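The following exercises are to be worked with the sequence and the structure at hand. Each task is followed by a solution in steps.

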Amino acid sequence: MERRAFLGLSAAAIAALGSGAALAQATDTGLAGAVAKLADLLETGYVYPDTGKKYAAMLRQKLAAGGYAAVSDPVALGQQLSADLNAVSSDRHLRIVPEAMAGGGGPRRVVVGGPAPGAGSGPQPIRRVSLEDAGWVAKGVAYLRYTGFTGDPATVAATADFMKTHATAKSLIIDCRYNGGGGIDEMNAIFPYLFAKETVLVQMQMAQSVAKARGGTPFDDDKFVRDVPAPVGLIGREHYAVPGTETGLFGAKVFYLTSGRTASAAEHLALAFRHTRRAIQIGETTAGANHFGDFVPIGAGLVVFLPVGRTIDPDTGKDWEGTGIVPDIAVAPALALEEALRRAGAL
């Protein structure tokens with residue numbers, strides 16, 4: 001299963017959509033077929049099989065009753081389908097968008113997160129430059145700011161190089177206040193520098209029926225994810241950290257900055273830090289978008305972000321869907337960096 005990072009929508013992709021006229025050339029039959037395929041995917045592939053069946057039943061009933069007959073534009077159909085599904089059961093990741101908004105027709109990979117969640121289901125542009133700032137912000141204080149975890153090899157390499165060249169830092173600030181999600185590759189470049197011994201970070205679960213329908217789990221090819229026991233009917237995976245040879249940051253203070261726009265994969269990192277007590281989270285409660293998944297085409301130029309599993313706290317078995325992760329130190333996001341610097345002794 002290819003591991004190519006995907007975060008959200010580029011400005012170019014949105015501009016290419018224009019008014020959606022090109023997509024609107026799809027026939028009504030194509031739109032109906034897209035709804036039918038969406039129902040099938042949710043019935044067999046959604047993170048909670050019982051909820052997936054409810055989604056599918058609603059879609060089929062409404063389709064048979066002509067509930068989507070008046071919708072001729074795929075963009076409008078995607079918005080209507082997203083609203084209808086979330087009316088049955090809210091999921092901060094589940095949405096249907098034009099394929100151009102999901103990175104075009106190239107290869108897709110499963111990601112921890114997906115498109116940054118929001119109140120609406122329309123275009124939500126996210127910059128592709130995900131590592132926006134990295135360097136020293138004060139004597140002995142290193143700083144990283146991500147707007148996403150894209151998994152781009154250059155970004156992952158830059159992350160690992162930063163950790164190596166700033167191994168003398170007394171404090172490390174990781175700023176994800178405006179990080180909409182992505183994958184775990186950047187995290188895997190950070191963790192070997194922060195943990196002095198092998199450490200369990202978080203666990204992930206999928207229904208066995210979902211994994212069977214997909215042909216595996218999203219993390220089968222990740223060297224920092226391994227099998228763990230799970231309740232009957234579920235498949236369990238565990239994300240863990242392995243210490244590297246560079247020991248300079250093992251005793252460093254770590255501060256993790258969050259806001260209500262810290263979502264999905266960035267929340268995965270927040271939970272990893274919370275569970276291990278390796279970082280102090282500063283800011284506000286995160287977005288509450290837990291379920292991981294990937295984009296799947298349904299036809300008529302549309303794709304669904306299909307949530308297939310969830311990330312949980314190994315100790316409690318709980319996730320953060322709909323609630324978010326509460327910071328250790330609650331301050332307005334605009335003040336989070338100043339608070340971290342103060343606690344690092346830089347102010």
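Two strands pair if DSSP finds at least two bridges between them. Helices (H or I, at least four residues) and strands (E, at least two) are DSSP runs, numbered from the N terminus. The model is a predicted one, in which local features need pLDDT of at least 70, side-chain atom pairs count only at pLDDT 80 or more, and totals for chains, interfaces and linings use all residues. Residues are numbered from 1 along each chain as its sequence is written, and side-chain values use heavy atoms, with hydrogens and water left out.

**Exercise 1. Describe the pairing of strands S8 and S9 and place both in their sheet.**

Step 1. Strand S8 covers residues 253-258 and strand S9 residues 280-283; the two run parallel and are joined by 4 bridges.
Step 2. Within this pairing, Thr258 stands opposite Gly283 of S9.
Step 3. The open sheet has 6 strands in the order S2-S3-S4-S8-S9-S12, and its pairing is mixed. Its edge strands, each pairing on one side only, are S2 (131-138) and S12 (329-330).

**Exercise 2. State which strands helix H5 touches and how H9 runs relative to S8.**

Step 1. Contact means heavy atoms within 4.5 Å. Axes are lines fitted to C-alpha atoms, for helices over the stretch in contact, and angles run from 0 to 180 degrees between N-to-C directions.
Step 2. H5 (residues 153-165) packs on the sheet and touches S2, S3 (141-146) and S4 (171-175); its direction makes about 10° with that of S2.
Step 3. H9 (residues 333-343) lies across S2, S3, S4, S8, S9 and S12, and runs at about 170° to S8.

**Exercise 3. Determine how helices H3 and H4 are oriented to each other, and which residues meet.**

Step 1. Two packed helices are described by the angle between their axes and the distance between the axes.
Step 2. The axes of H3 (residues 49-64) and H4 come within 10 Å and cross at roughly 130°.
Step 3. Angles under 35 degrees count as roughly parallel, over 145 as roughly antiparallel, 65 to 115 as roughly perpendicular and the rest as oblique; H3 and H4 are therefore oblique to each other.
Step 4. Lys54, Tyr55, Met58, Leu59 and Lys62 of H3 meet Gln80, Leu81, Asp84, Leu85 and Val88 of H4.

**Exercise 4. Is Ala87 buried or exposed?**

Step 1. Ala87 belongs to H4 (residues 74-88).
Step 2. Buried means under 20% relative accessible area, exposed over 50%, partly exposed in between (1.4 Å probe, protein chains only).
Step 3. Ala87 has a relative accessible area of 65% and is therefore exposed.
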